[in-house]
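Please look over the sequence and the structure shown here, and then read the report that follows, which moves from single residues to the chain as a whole.

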Amino acid sequence: MEQVLSQLIGGAIGGLGGGKAVKGADMGNIGNLIAGAVGGIGGGQLLGGMLGSGTDFAALASNLVGGGVAGLIVQVVVGMIVKKLRG
């Protein structure tokens with residue numbers, strides 16, 4: 001449970017950062033949070049499956065960082081697609 005929570009938090013932070021860093025991908029705070037959180041969980045699960053997971057502090061920190069990076073990437077991609085569709 002701690003892993004999913006840290007991925008969710010990391011993804012949400014990454015999504016907010018991605019929306020602020022790439023203006024063409026900004027979907028508003030709520031949209032950035034949702035896209036980042038979904039990306040953080042998905043990316044964190046994928047990364048955790050490839051690297052293995054534990055319950056110590058280093059594993060939780062890697063879930064947080066991995067979720068953040070995945071959340072940022074997913075938010076930027078989704079944000080750019082949404083902006084293109086809306087015109």
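Ile-13 is found in helix α1, and in this predicted model Ile-13 counts as exposed, because its relative accessibility is 56% and the cut-off for exposed is over 50%. Helix α1 covers residues 2-21, and its end C-alpha atoms are 28 Å apart, which agrees with the 28 Å that its 20 residues should span at 1.5 Å a residue. Not every position in α1 is open to the surroundings as Ile-13 is, for Ser-6, Gln-7, Gly-10, Gly-11, Ala-12, Gly-14, Gly-15, Gly-18 and Gly-19 are buried there.

Val-4 is also found in helix α1, and with a relative accessible area of 33% Val-4 is partly exposed, because that value falls between the 20% under which a residue is buried and the 50% over which a residue is exposed. Leaving aside neighbours within four places in sequence, Val-4 is in contact with Ile-41 and Gln-45. The C-alpha atoms of Val-4 and Gly-67 are separated by 9.1 Å, although these two residues are 63 residues apart along the chain.

**Helix α3 and the residues within it**

Helix α3 has 30 residues, and from its first C-alpha to its last it reaches 42 Å, which is close to the 44 Å expected at 1.5 Å a residue. The buried residues in α3 are Ala-59, Asn-63, Gly-66, Gly-67, Gly-68, Ala-70, Gly-71, Gln-75, Val-76 and Gly-79. Just after α3, Gly-87 takes a positive phi of about 85°.

How accessible is Gly-71, which lies in helix α3 (residues 57-86), and is this residue buried or exposed? Gly-71 has a relative accessible area of 0%, and therefore counts as buried. Not counting residues up to four places away in sequence, Gly-71 touches Gly-11, Gly-14, Gly-15, Ala-35, Gly-36, Gly-39 and Gly-40. Among these partners, Gly-11, Gly-14 and Gly-15 are themselves buried residues of α1.

Leu-72 lies in helix α3 as well, but with 36% relative accessibility Leu-72 counts as partly exposed. When residues up to four places away in sequence are not counted, Leu-72 touches Gly-14, Gly-15, Gly-17 and Gly-18. Leu-64, whose place is also in helix α3, is partly exposed with a relative accessible area of 37%. Leaving aside its neighbours within four places in sequence, Leu-64 is in contact with Ser-6, Ile-9 and Gly-10.

The table sets out some pairs of residues, with their separation along the sequence and their C-alpha to C-alpha distance.

| Pair | Apart in sequence | Apart in space |
|---|---|---|
| Gly-71 and Gly-43 | 28 residues | 7.4 Å |
| Leu-72 and Leu-33 | 39 residues | 9.8 Å |
| Leu-64 and Gly-11 | 53 residues | 7.6 Å |
| Val-4 and Gly-67 | 63 residues | 9.1 Å |

**A nonpolar patch on the surface**

Leu-5, Leu-8, Ile-9, Ile-13, Leu-64, Val-65, Val-69, Leu-72, Ile-73, Val-77, Ile-81 and Leu-85 form a nonpolar patch on the surface, and together they have about 1100 Å² of accessible area. The elements that give two or more residues to this patch are α1 and α3, and α3 gives the most, with eight residues. Several residues described above return here, including Ile-13, Leu-64 and Leu-72, which are all named in the patch.

**The chain as a whole**

The protein chain has three helices and zero strands, and from the N terminus on its elements run α-α-α. The radius of gyration of the protein chain is 13 Å, close to the 12 Å that the globule rule gives for 87 residues, so the chain is as compact as a globular protein of that length. Along its principal axes, the C-alpha trace spans about 45 × 20 × 20 Å.

Of the 87 residues of the protein chain, 33% count as buried. The accessible surface of the protein chain comes to about 5100 Å², and 75% of that surface belongs to carbon and sulfur atoms. Among contacts between residues at least 6 apart in sequence, 83% join residues at least 24 apart. One of the individual cases is the contact of Leu-64 with Gly-10, and another is that of Gly-71 with Gly-11.

Notes: Residues are numbered from 1 along each chain as its sequence is written. This is a predicted model: local features need pLDDT of at least 70, side-chain atom pairs count only at pLDDT 80 or more; totals for chains, interfaces and linings use all residues. Side-chain values use heavy atoms; hydrogens and water are left out. Helices (H or I, at least four residues) and strands (E, at least two) are DSSP runs, numbered from the N terminus. The expected span of a helix is 1.5 Å times one less than its number of residues. Buried means under 20% relative accessible area, exposed over 50%, partly exposed in between (1.4 Å probe, protein chains only). Contact means heavy atoms within 4.5 Å. The radius of gyration is taken over C-alpha atoms; the globule rule is 2.2 Å times the number of residues to the power 0.38. Accessible areas come from the Shrake-Rupley method with a 1.4 Å probe; for residues, only the protein chains shown count as cover. Patches are made of residues with over 30% relative accessible area and no salt bridge: like charges are joined within 9 Å, nonpolar side chains (Val, Leu, Ile, Met, Phe, Trp, Tyr) within 5 Å. A salt bridge is a side-chain nitrogen of Lys or Arg within 4 Å of a carboxyl oxygen of Asp or Glu.
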